[in-house]
Amino acid sequence: MSVELTMLVYATALLIVLVLIQALAGIRANGLATQAGPRDNLPPVQTFHGRASRTVDNHREGLLMFAPLVLVAAVMDISTRLTILGAQLFFWSRVAHAVLYLAGVPWLRAAAWGVGMAGIVLVLLGVLGLA
């Protein structure tokens, strides 16, 4: 498996972990019975639960851009130093972003997000043959 596909698998595993953290935060905030129910009248999310939800949403958005590019690169048999670097930057910055978001750290979190976007752009450039 290429490095790019490995980073995609790891990024998907990270999403699973983040969804579990979000679910546990919801159970902690609202109770298991409420979370297992239809959740029609949930109270506003608490601080950590809200951060966990936004972390999941943010990571899902990043994966929505990253995954197709990595899959296209795999189908086209493209794996260059640029696409490898981009995939590694994406994954490790997303780990940092998740930790920083869950911890409530503002500026470093935004920087980690930017590094992740740069990683996506590097993979895109590699797939397009522009670098």
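**Close-up 1. R60 and its salt-bridge partner D57 in helix α3.** R60 is partly exposed, with a relative accessible area of 43%, and D57 is likewise partly exposed at 36% (buried means under 20% relative accessible area, exposed over 50%, and partly exposed in between, with a 1.4 Å probe and protein chains only). In this predicted model, local features need pLDDT of at least 70 and side-chain atom pairs count only at pLDDT 80 or more, whereas totals for chains, interfaces and linings use all residues. Residues are numbered from 1 along each chain as its sequence is written, and side-chain values use heavy atoms, with hydrogens and water left out. The side chains of R60 and D57 meet in a salt bridge at 3.1 Å, N to O (a side-chain nitrogen of Lys or Arg within 4 Å of a carboxyl oxygen of Asp or Glu), and the count by this rule comes to 1. Because D57 and R60 are 3 residues apart in helix α3, about one helical turn separates them (helices are DSSP runs of H or I with at least four residues, and strands runs of E with at least two, numbered from the N terminus).

**Close-up 2. The largest nonpolar core, with L63.** This core has 23 residues, and L63 is among those with the most contacts inside it, as are L8, L18, F66, F90 and V123 (a nonpolar core is a set of buried Ala, Val, Leu, Ile, Met, Phe, Trp, Tyr and Cys residues joined through side-chain atoms within 4.5 Å). Two or more residues each come from α1 (3–30), α3 (47–75), α4 (81–103) and α5 (106–128), and α3 gives the most, with 8.

**Close-up 3. D77 in the loop between α3 and α4****.** D77 has a positive phi of about 60 degrees although it is not a glycine, and at 72% relative accessibility D77 counts as exposed.
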